[in-house]
Each structure stands twice: as structure tokens, then as C-alpha cells.
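Welcome! Open your viewer, keep the selection panel at hand, and follow along stop by stop.

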Amino acid sequence: MTGAAIAPNPLAEGLYDYRVAEPAIMVIFGATGDLSGRKLLPALYNLSKQRLLPAGFAVVGAAIDDLTDDSYRRRAAEKITQFSRTQPVDQRVLQTFLDAVFYIKVDFSKLEDFKGLARKIDELDHARHVGGNRVFYCATPPPTYEIITEQLKASGLNAGDGYHRIVIEKPFGSDMKSAHELNQIVQRVFHEDSVFRIDHYLGKETVQNIMAFRFANTIFEPVWNCHFIDSVQITVAEEIGIENRGAYYDKAGTLRDIVQNHALQLLALTAMEPSVAFEANAVRDEKVKVLKAIRPLTDADVAKATVRGQYTNGWVLGEHVKGYREEPNVAQGSLTETFVALRLFVDNWRWAGVPFYIRAGKRMPKRVTEIRIQFNRPPHLTFGRDAAQELDPNAITLRIQPEEGISLKFGAKVPAAGIRLRSVAMDFLYASSFLVEAPEAYERLLLDCMIGDPTLFTRADEVETAWTIIDPIEAAWRDGRPPLQTYPSGTWGPAAGAKMLEAEGREWHRP
Amino acid sequence: MAPTLTAPGALDWTGRGVTIAQVLNALTEFRRRFARAEVGGDDHPRPRNCVMTLIAVAANEADEKLAQKLCTAIAVHHPMLAIVVRDQADVKEGLIDASISAPPAVVLDESAAETVASPPHYELVNLHVKGAAATHLAGLVDPLLVSGVPTYIWWLGTPPFGSKELRDTLQIADALVVDSARFARPYHSFLGFADTITHAHHRLGFADFQWARLDPWRESIAQFFAPVNRRAFLSGINEIGIDYRGVGRGNRIPSSVLIGWISSALGWSLQRAAGGSGGVVSAQFVAEEWRIVDVAFRSIVKPGLVEGEISGMRITGVSGGTTFRLSISRAPDRSWRPPADIGPSEFKQLHAAGDDEAGLEIAHRRAAQHREMTFQNRDSLHHIATGDAPGESVPKGSTVFVRERRNPDNSMVLLTLINIGQADTLRHVQRIESNDDASLLVKLLAIGGHDPVFTRSVASGAELMRAL
């Protein structure tokens, strides 16, 4: 619904941790798929458990499988029971939630099926006082986004009373050109304000806290620049392999799957200027400025400033695992990377000369995501070189997952007669510092979408700008520069990744 | 050799007839030894993490035990210093008995049935304060407070509103937490509470367990008016009814505060109010300077709820020619039972009902409609089913019954029924998940007691109470 601004609901004031959404019908395309079962349905169940789903809210699952409402509910119940973050599942909450879950078979190529979907939605809308609000969630492979969007338009499902929003999962295209085309297709059917591109990393409390840490404190921002910071390391490591996503992953690789979205988002949040307000476009404008300021890598740069690797068999968390090329649905002799290390520069006044190192990979020793801000050493060693032997430079580590929190490393005198300095850590732990629990990222983002707050979703220009950084790297890699390295599963990537930093007198922080 | 944490209570300290200086020394020593014991031979103890000092003031042994239990429960996730003060001003001994411990925290949720290892930064200081010292609480606990984190005072019974003792105690606090359901004289205590809030320093926060218990009600009401096309309904409300748990007048505080919340949010002004027998209150508010809104509440017998807790609420009105009715009930009644023998029939139809009385009522209406339609068409149906020509044979009577899906316990069920215009009733069932005192306390402390909506609602509620 557009038009004049509506006065806020006065009764919603002061409802802490409770954000009031209007009733809506959420259509999940790909309702029988992995994302729906593992993430979306459990997240909706947990929203229901927190009483955050309004009266009248309904879910309509849409997929190619022949299911009835009841059989889909049974399937949904199984998935929720298995994957809900809150356990054990409350059977009464579950039953209540399932009462609002429906199913319809939809073949995305058949307009008639979409018209049937429209009829079903209309019936539900009338019976449940929904007022025309719709959320269309594409929990489907990216190639289907186009046809789904066009069928929604052809069947008139993108218009009418209430709001009409579409949620698209990453990856948004596979390069700049395809992302631009996808954006154009989607924007022909939905206004950009109604397009919610999900990068679930942005729904994590710790990611949002990067902005709070930087812009709600006066002590960090004055030193958050090239005068005090030596380098920034961003690590996005997973201990798991590609699981059952061989067909997708072999085409995508880590650069497209992780770096283009998660890692660059973390970089943007770390490097951005303060926005005038915590408001969707203001925040996203600042992030886009950072992405545009990243120095594009030339062919020659790619050879020196990037490392790509692929895991071979090895040991992870005490278990022997097979190599990437032995995974199902992976091409023999595949050259797809499962590890990426990059050195990027943000060419602006604040960050001139500060390298941003990004490391992302699968089958690493553990699952960890963190941003480490490494500060310069003091200009003069007052206590002498011997006393400071064990002293590392100051560092702030923003731990995104797990053990969410922030750690500040600084030097202190070891209690003894003489002078000896050692690094100590001052830790802030999310889990034990607040009296409330953090919601799961998908819960936060689904609710944001229903409320209509796109701050934590990526905008079209943001996506396209990120691809302009990735495309030259992909092009050089296709030509074999630099060559693909291998690394045993359970290690921190190929040796070339470490050498890239060693050559500059630095080393990767071990998370 | 330093004691290890594998022996619970190894570090505990107790003292009888001690001074606060001795307690403070013992606490300092306790922390040093704890840090050593925690890391064993390592010479680098972990950094300390503490989110608050929680002072619980208990007037009797039962409250003292409750306070200890809840502090320990919330310490599972929230490192803190808890000071439980057993206030015994009437005892003339003039001594302090104290103990310091780090009890193993136990998850209260029975479904989890899990004992958690002692959280490293939870300290429980128990003080039995007797004689005149008990009236100088602030001076007693001030030296023990953790610097740099908020101090919350949780008064388990009825605080001595208006007394110098309370005023002095609040000087050291960031917030005062009470449970108005436990107030000994609800009417006077509530007005005293409202006065204390009105005259308190702006830095001091206030919280009430009853306000947290109202959250699901406030959320459901706000939710109803959330859609843009229902916003105009706010200007069409003409009647509000509230049922609360109690006998006679009972404890009207939550009802008054809930009405205070709505009236202050919508800018209504109180015109008159009157109390009747059976806890009945009837009041009139003026909205938009001309429209009358009738408000009524009454006490009802409702097991399972705390004193004064809301059990049902109705908001009705008309806007733009459309009538609306929002009905919310907690633990809906369960008087109806389906017949045991439903009998065989060719025309059986199941109508799913809900886990509450109203859901069954709706299902019954649908079943009746179905039965009527079946009856009207019985001849043609019989003809189609049997192939007999009309009049050749007589159809049997049909049976339509309601299938009960109610759960055995619906005490934590919040049922919302929405009627808008002529449309079917929309039914919405929600669960009230965490209503135990530990969860409510955590919720209140998380807000920190600075809730302007609560303050405003208490003031409006007090105005209504005074008018009775």
C-alpha cells in the first residue's frame, strides 16, 4: 500500500522486543526444499512461539510435489521438530502454527497453477482478515527467480490491496551482468522497496553490533582509520564441506558463495562511514560507498593478491573426511575453489594503505567468523625490546560466530619485580552480558520483511557493486592465474594463503 | 593447595554477628580464591564478567528462599552479584548474620532437567539483618555493590511506600522491582507505588511483575489494531470489559493499569468511576473530547492465575459503519464435553474445533449449518447415493459431530476471537510461554525499569483507582 504516511499504532509503543507486524500471507516457493525445512518453517514456528505472528497470518507452501494441506503439515511438523532452535518443540504452539499452514501444488512453468494459487490466497485472505498483504519467498534455486517473478505478474499476484513483497535468497546472479538482469526482471514486477534480498549474515546480532560498536561509542571511532590501524582480517571459516550441494557449489565456488556476499558485507560494515541514521537507505548508501571504493584488482593484482584452494581428504574435528573432488555431484578434475584468500584496499581517506585480508573456506579446522582489527605497534618501545618480547600489537576482534562477542587485546605488566609485558584480553561475551537471548537470523529477517524494514537486506546497487569486485578475479582465475592450490581438510588453507601475508610482514590470526 | 570447583561449597563463607566490613573482606577474599580455583595452576585468571547487582529484600523465610532460588536460576545466563537481605527490623538483637556462596545454578525449566555447572561469576551474599540496622539498608549494602553495573532492588513483599527507609534505599538503586500481586493492601499500596514513581528522581526506574504479565495482553491488543485499515478502529472503541482473578474487590491493580495503558495511549480522559459489589467497577472515559467509552471490570474465580491477573478482555466498537469486537481470554473455560457415543452414520462430518470453549462454539455453529444443509438436501443425496427413485426408500437421519481437539491443560492458552463486520469469526490461539517468576524477573531487568509507558499507565491507573 502506498500513499500518505499512516500514523503509528499508539498501542505498539513500549512493547520491547515485540514488533507488531500486520497479518499477511506468506507464500513459500520451494516449500518442500531444504531451506524451507531447515530454516524458514522453524523460524516461523519460533516467531509463533514468541507470539510475533499476528492473528490471521498464514503460510502457503508452494512446490511441485503432490501434497495436501495435511500431508504438508505433517512434513512441516517433522522439519520443525528436527531443526527448531528452541527444543523441545512445544506441541501446542506447533499445532497452532500448523493450523495456519496450507499447501498448493505449483508448477512454476504453468500460469494456471499460479492462478490457482491466487484463488487459494484470496480465500484465505477473506477468511483471515489479512487485508491483501503478501510475502512471496523464493526458497528455490536462483534460475527459477525469473519465471516465478514473471508468473506472479501474469497472474496478478503482485498487485491489489495491501503490500506485496518478494524475498530472494543469495546468490543474486553469478556475475555483474546476470545480477543486473535479475534486478531488472524483479524490478519490472516489484518496486525496489518491496524486494528483500536476504543475506542471512546481516540478520545476526553480532553483525548488527558492528555498527553499534563503532558508532555508539566514542572511544573506538577516533582510532578507526589508517593512522592507527595496520590491517584488517576477515575470516569466514566452516568445518563442514559442501554437504549435498555439489551440483550448486561446483558452479559457484567460495568466491561467489561466501566472499561476494557475506565477506564483502562484513568488510563494508567495518569500513563504512557513520550513516546519518539507522535507516535502510542511509545505511545502505554508506555500504555502497565502501564497495565502490574498493580498488578493483587488475590481472597482475589477482596473481599476487588472491589465493584459491581446494580441499583434499583429511581430518576435521577428529573425523576423516573425503576431498572435494570425491564429493557427490562434483565434476572430476573440478577446478572450483573451496578456499579464498584476498587482499583488498579501500581507496578512501580513512583507509588509505590499510590492507583488508579476507579468508573464507570450507573444511577448515573449525567454524568461525570474525573480524580482527590489528593496530599499529607503539612508535617507541619505552620498556625496551626484551620486556616487550611477548607483547603483540593491540587488536580488536569482533567475533561473529560462535562465542559471539568482542575481545580487546592490550599489553599489561606481568606481576614481578622486573618489567615484563604480556598481551592480555578483555572480553565481552554476548551470551552472558545481556538478560535477553538473541533471535536467530532468519527470525529477525522474516519479521523485518513482514514489518517492511529493509535495513538488513541488500539493495540492487549493493549487489551489483559487489560483483564488480568479484568479476575481474573470476576472469583471471578462469585463465588459471594464480593456479589452484590444494590443502588438506582440517587446515587453514593452502600455504600460499599464509605466504601472502608473510611477504608483507604479517600473519593470519589463528581464531 | 587451592580448593577446586569440583567441590561445591568449598569456598563458601559464613559469619554470625559480623559487620559489613567483615562481609566485604570475606567477599574480596572469596573472589580471589575463586579466581585461583577456577584456573587451577594457570597464572592468568579469566576476566570478570558481571552484568548487575541484584538486591532482593525479603521479609520472611519463604520469600528469602524464593529470592535465592530465582537469583540462582537467572544467574545461569547472567553473571551477577546477588544480595538477599532478610529484613528483620522487629528483632532487637542488632546483629548481622551473613554468608557468601556461589551455588550451582539449576535450570528451573523441568523439561530441560539439567544441572548447570556453577557459573564462574555468580556470587550470592545472604544477609540476615536484625534490629535498627535493618532500617538502614542503603548503608548496609552500598559497600558491597559492584561498581559500574546497575543495581536493582527487588522487594518481594510490600515496600514501605512513603517511608524514609525506602527513600534512602532507593538512593543506591537504578530501579525498584515489585510484584504488585503480592501487595498486602492492594489499593493503598498501589497508590503509594504510584506516588513513589511520580516523585522519584528521573534516573530511578520502576518495574512490576504484573506489568510483565500484561505483556501478552498488550501485544494481542496492539496486534489487532496494527493493520493500517484497522487503525481507524481506535477511534471507534465504545466499550471495554475486563475479568480479573479475585474474590470481591480483590486486587484491581492489573486491570487499572491495563485500562490506564489504553486510555493514556489514546488520550482518553476519565469522566467518572464507581465501584460495586463483587469487585465490579464501572467507569466512563471521554475520547476525542466528545465520545463516551464505557469501561467495566469484575473479579471472577479463576484457578491458576495470580491474584488480580487478567483472565479475559473484550473491546467492542464501530468505525465507519463496521462493527468490531476483539475478545481475548486466558485459559478459556472447558465446560462442554462431546457425547461419548457419537454413533454410526452415512453422513458423518468432522468439524475441527479448537482447544477452548469458543472454538467449540464456532465448530458447533458450523456443524449445525452443515446438519441443516444435509437435512434440506437429504432426498436428493439419498437418491444419488442409493439410485432409488424418489419416494422408493426413506433416507436415514444424518449425524454431524464436533471433534474435540482440546488439550488437557489450557491454562497457558491465550485465545483471541476477532469479529469484523459480518465476516466469520477469526480465531487465534497463542501460548503464553514463560510466566514463571524467574522469566518475568529477567524480562523486567532486561528493560532496566525505565519504561515510560509503564510509568504513564500506572499514573492513569492510579487516577482511576482514586476516583472509585
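Start in chain A by selecting Leu41, Leu44, Tyr45, Ser48 and Lys49 of helix α1(A), then add Val93, Leu94 and Phe97 of helix α3(A): these are the residues through which the two helices meet. Contact here means heavy atoms within 4.5 Å. By class, this contact has six nonpolar residues, one polar and one charged. For these classes, Ala, Val, Leu, Ile, Met, Phe, Trp, Tyr, Cys and Pro count as nonpolar, Asp, Glu, Lys and Arg as charged, and the others, Gly among them, as polar.

A word on what is on your screen: this is a predicted model, in which local features need pLDDT of at least 70, side-chain atom pairs count only at pLDDT 80 or more, and totals for chains, interfaces and linings use all residues. Residues are numbered from 1 along each chain as its sequence is written, chains are lettered from A and ligands numbered from 1 in the order in which they are written, and side-chain values use heavy atoms, with hydrogens and water left out.

Now show the whole of α1 (residues 34-49) and α3 (residues 91-98) in chain A; they pack at an angle of about 110°, with axes 9 Å apart. Helices (H or I, at least four residues) and strands (E, at least two) are DSSP runs, numbered from the N terminus. Axes are lines fitted to C-alpha atoms, for helices over the stretch in contact, and angles run from 0 to 180 degrees between N-to-C directions. α1(A) and α3(A) are therefore roughly perpendicular to each other; angles under 35 degrees count as roughly parallel, over 145 as roughly antiparallel, 65 to 115 as roughly perpendicular and the rest as oblique. Turn the view and you can follow α1(A) as it passes α3(A) in a right-handed crossing. A crossing is right-handed if the near helix is turned clockwise from the far one by less than a right angle, and left-handed if anticlockwise.

Zoom in on A:Ser48, which sits in α1. Is A:Ser48 buried or exposed? Its relative accessible area is 16%, so A:Ser48 is buried; buried means under 20% relative accessible area, exposed over 50%, partly exposed in between (1.4 Å probe, protein chains only). Leaving aside neighbours within four places in sequence, A:Ser48 is in contact with A:Leu53, A:Val93 and A:Phe97.

**Next stop: helix α8(A)**

Select α8 (residues 246-271) and α9 (residues 280-293) in chain A, whose axes lie 9 Å apart at an angle of about 105°. That makes α8(A) roughly perpendicular to α9(A). On the α8(A) side, the contact includes A:Leu264, A:Gln265 and A:Leu267, while α9(A) brings A:Lys287, A:Val290 and A:Leu291. The classes here are seven nonpolar, one polar and one charged.

Keep α8(A) selected and add α14 (residues 460-478) of chain A: these axes come within 10 Å and cross at roughly 145°. α8(A) passes α14(A) in a right-handed crossing. Among the residues that meet are A:Leu255, A:Arg256 and A:Val259 in α8(A), and A:Trp467, A:Ile470 and A:Trp477 in α14(A). This contact divides into eleven nonpolar, two polar and four charged residues.

**Some loops in chain A**

Go to A:Pro171, in the loop between β5 (164-169) and α6 (176-189). The peptide bond leading to A:Pro171 from A:Lys170 is cis, with omega near 0°. Another cis bond runs from A:Gln401 to A:Pro402, with omega near -20°; A:Pro402 lies in the loop between β14 (395-401) and β15 (405-413).

Now select A:His129, between α4 (111-128) and β4 (134-138). A:His129 is not a glycine, yet has a positive phi of about 55°, and is buried at 13% relative accessible area.

**Last stop: chain B**

Display chain B, with its twelve helices and 18 strands. Of its 468 residues, 53% count as buried. Finish at B:Gln210, in helix α6 (residues 209-213) of chain B. With 2% relative accessibility, B:Gln210 counts as buried. Not counting residues up to four places away in sequence, B:Gln210 touches several residues, including B:Asp179, B:Pro254 and B:Glu307.
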